[in-house]
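Biologist: I'm new to reading models like this one. Could you pick one spot where two helices pack together, look at it closely, and then show me how the rest fits around it?

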Amino acid sequence: MISAFKNGSYATRLSFFVMGFGQIARGQIAKGLFYLLLQTGFALYMIFFGGRYIAHLFSGDLGRKLSGEQWNETLQIFEKIKGDNSFLILLYGVVTLVLVALYVVVWAMNVKGSFENDRRLKQGGILPTFRDDVRALLNERFYLPLLIPPFIGLLVFTVMPLIFMVLIAFTNYDYAHTPPGKLFDWVGFANFKTMFSLSGGTSGFAIVFLRVLLWTFVWAFFATFTNYFLGLIIAMLIHKKGIKLKVLWRTLFVVAIAVPQFVTLLLMQKILDSDGILNKLLGTNILWLTDQRYFSLLPRLMIILVNIWIGVPYTLLMCSGILLNVPESYYEAARMDGASPPSIFFHITLPYMLHITTPYLITQFVGNINNFNVIWLLTGGGPVDNVYYGGGTQAQSTDLLVTWLYRLTTDQNPKYNVASVIGIVIFVISAVLSLITYNRSSAVKSEEAFQ
Amino acid sequence: MMQKSMAKIGGRISDAVTYAVLGVLGTLWVLPIFYLVYTAFRVTPSTGIINTLFPSDLRLGIGNFVRLFRDTLFAKWLLNTMIVAVFSCALTTLFILMVSYALSRLRFRLRKPIMNVLLVLGMFPGFMSMIAVYFILKAMGLTNSLVALVMVYSGSAALSYYICKGFFDTVPRAMEEAAILDGASQPVVFWKIIMPMAKPIIVYTVLTSFISPWCDFIFVNTIISDREKYTVALGLFKMINAEKNSFNDNFTVFCAGAFVVGSIIVTLFMSMQKYYVEGVTAGAVKG
C-alpha cells in the first residue's frame, strides 16, 4: 500500500481518494465506474445512516435519551419522545462495521488494481479489457462467482448476528434493561465475572455452570457412543451370513428416520408422561421425566434411551454401508488362522470401523453438545431443582448449555447478557474440539488421495 | 463329520439368537410408530390419554384427518411448508455445490483459511443469534413472510459444505483436465462434467435440505407470528403445546398431522434411499 503511494503514478495516487480513477484514466471505464459507484453509495450510506451508529459505538455508550413523555407548554399536551434504542444502535452499528470492513477490502482492491496497471504499462504490456476480466472470472478466478453469493447469505444471517451476540456479552442487556423502554450499556467483563466467580456459593453461577457443563459432556459421551455401538451391532446382526429378510429388518429400523424428530420427541414425552400410556399400561406411577431423586437420574437415563431410539437408525444406515466395504480378504485370513468371532470383531471389524469413522464420531460428539431438540422437547431441561441449581441461575437439572442459553433468552425474566457468555463458552469448546480433530483427520491431510 | 454337524447346530443356535434379538429390537423400534398411527386413526375415545391400548368403546376411522383439514389450518401450513421447502432446498443445494466445488477442485489463496473459518462458524449455536436475525429481517421488512424463512434456511448453507466436498475430493481429476485442454471453461467443467458424476451427493443434499423445513419449529416460532403463515412443524407443535388442555383435545389430531408429514417423508426416503445411504457413507468414509 505504502509503496503503491510512493511509487505509483498520479492516477494510482488519486485512486487512494477517488476510487476507480486509476482504472478510468487507463481506459478501463466499466471497472472504474463500478468502483466509483460503490464509493459514492458507501459515502451516502455513511452520511445519512451508518455514520451516527459508528459514532455511537465509539463514543462508549449505547444511547442516552430514554423514550417517554414530556410536557409541551405551548400545545398543553404530553408529547411522546422517541428516545434511543440501545438494541438497534448496537445492531446497526454492527451492520455498519461489517460494511466498513467490506469497503476497505474493495478500496484496497481498487488501489492494487491501479498499481498493477502502472507496473504493466512500465513493462510495456497491455491492460486487460473488460472482456478479459470477465473471462478471468470464468476461468482462473472462477472461485469468486462461486463463493460470493453463498458468502453474502452467510454474512447477513450468520456473521453479523454472531458479532452482535458476542458484543451483547459485554453489556448489561437483561430484563431490567430491555429496549425500547429502557437502555442498556457496556459493562466490560462484568458478565464473565458473574459467571465464573465463586461468590454465589454452591447454587451460584460458577458451580451451577460446572454442573451443567459436566452433564453436557456426560450426555454427549453417552449419546454418541450408545448410538454408535448399538447401530454397529444391529448392522452386524443384519449382515450376518445366513440371516434372511435383510431388507425387511433394515426397513423396520429405518422407518424411524422418516418420522420428523420433533414428532417422535413430543410423542415420547406424552408416552412417558406421568399420566401417559406407559404408566397406564404398567399400572405404575413412575415420574419418568420429572423424578428429581439422585440428581434426576431417571430423567437423564430416559433422555439417553429415547435418544438411542432416534439416533440408532442413522448409525445403522452408515455402518451397514461401511461394513460392506471391509475387504473380505481380512476375514478370510482371520478364519484361516482359526480366529473366533469375538476376536475377529475386536481385531478386524472394530478397528476398521473406528479408523474410518473417527471424524464422524467427533462431529456427532460436538453435535450432541449442542443437541437442543432432544432435551428441550423431552424434559424442557427440567425437573426444576432448587437445591442444586439456584433459582437465580434459571438452570434446571437436565439442562445442557444450549437449553440453558435458550431459557435465558426466552424466559419471563430474560438475561441476554449471561446467555451470550454461555454461547461464547459453547462456541470455544466446540470450535477447539473440531478444529483439532478436523485438521488432524486424514480427510484434510490427504484431500487428493483418491483423485 | 461329527465336528461339522456340531458347527452346523452351533450356527443354527446363533442364527436363532440373532433372529430373536432382531425381533425384539425391531418391535421396540416399531411400537412407538405403531402407537402414532393407531392414535391417528382412533376416533373414540377421542381424548389424548387412554388407560388401555384397546378400550371397550374403541372405534377407528378417518375422523381425525377430517378434523385436521376442516377445523385447523393444516392444509395451509402444508402448502407453506412445501413452498418454503422447495425454494430453500433449491437455493441450499446450489450454494452447497458451489462452495464445495470451489473448495475441492479450485486452488486459490485463502482456501485453507476459508475452510477453517467456515468450520468454526458452523460451531456457533444457531439460535443464539436468533433475536439478532429477527431484527435484521425486521429491518428488511420481512418478518412474517415465507421469504424470510427461505432466506434463513439457505443463508447458512455454505457451512454444510463438508460432506459434499468430501465427495468431490474423490472424483478423479483426469476428465476435467482433458476437458480444460480441449478449451472448456470452468463453468462448462462444473456443469457438464462434475455435476453428472455427483448425482448421489446432489440427491443427498436435496433430500436433507428439503426435509429440514419440515422439522424446524424454533426459527419459525421466532420469525412468524401469523397463524396463516405457520409451517406444519410449528402448527403441530402449537397444537398440543399451546394451552393447558390443548394436549387432551388435540392429541389424536396431532397424530393424524404427524402421520401425514411422516408419509410424505417416507415416500421421499423410499424413492431415494439408495442415494441417501451412498451420501451418508461417502461423508463418513472420508476419514
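Modeller: What follows starts with one helix pair and then moves outward.

First, some ground rules: this is a predicted model, so to speak of local features we need pLDDT of at least 70, side-chain atom pairs count only at pLDDT 80 or more, and totals for chains, interfaces and linings use all residues. Residues are numbered from 1 along each chain as its sequence is written, while chains are lettered from A and ligands numbered from 1 in the order in which they are written.

Now the pair. Two packed helices are described by the angle between their axes and the distance between the axes. In chain B, helix 3 (residues 74-105) packs with helix 10 (residues 199-215) at an angle of about 140 degrees, and their axes are 8 Å apart. (Helices are DSSP runs of H or I with at least four residues, strands are runs of E with at least two, and both are numbered from the N terminus. Axes are lines fitted to C-alpha atoms, for helices over the stretch in contact, and angles run from 0 to 180 degrees between N-to-C directions.) That angle makes helix 3 of chain B oblique to helix 10 of chain B; under 35 degrees would count as roughly parallel, over 145 as roughly antiparallel, 65 to 115 as roughly perpendicular, and the rest is oblique.

Which residues do the touching? On helix 3 of chain B they are Thr81(B), Val84(B), Ala85(B), Ser88(B), Cys89(B), Thr92(B), Thr93(B) and Ile96(B), and on helix 10 of chain B they are Ile202(B), Thr205(B), Val206(B), Ser209(B), Phe210(B), Pro213(B) and Trp214(B). Two residues are in contact if their C-beta atoms, placed from the backbone, lie within 7 Å. Sorted by class, this contact of helix 3 with helix 10 of chain B has nine nonpolar, six polar and no charged residues. (Ala, Val, Leu, Ile, Met, Phe, Trp, Tyr, Cys and Pro count as nonpolar, Asp, Glu, Lys and Arg as charged, and the others, Gly among them, as polar.)

Zooming out, chain B comes to 13 helices and two strands. Of its 287 residues, 43% count as buried, meaning that 20 or more other C-beta atoms lie within 10 Å of a residue's own; 12 or fewer is exposed, in between is partly exposed, and C-beta atoms are placed from the backbone. Helix 7 (residues 162-170) of chain B is mostly covered, with eight of its nine residues buried, Lys165(B) and Asp169(B) among them.

Chain B also meets chain A, in a contact that takes 75 residues from chain B and 79 residues from chain A. On the chain B side, the largest share, 13 residues, comes from helix 1 (residues 2-40). By class, that side has 54 nonpolar, 17 polar and four charged residues.

Last, a look at chain A. An automatic or database domain assignment gives the bounds that divide chain A into domain 1 (2-188) and domain 2 (195-445). The C-alpha centres of these two domains of chain A lie 43 Å apart, and each domain puts nine residues into their contact. Two loop residues round things off. Gly27(A) is in the loop between helix 3 (21-25) and helix 4 (29-58) of chain A, and counts as exposed because it has 12 C-beta neighbours inside 10 Å. Ala339(A) is in the loop between helix 14 (328-336) and helix 15 (341-369) of chain A, and its 16 neighbours inside 10 Å make Ala339(A) partly exposed.
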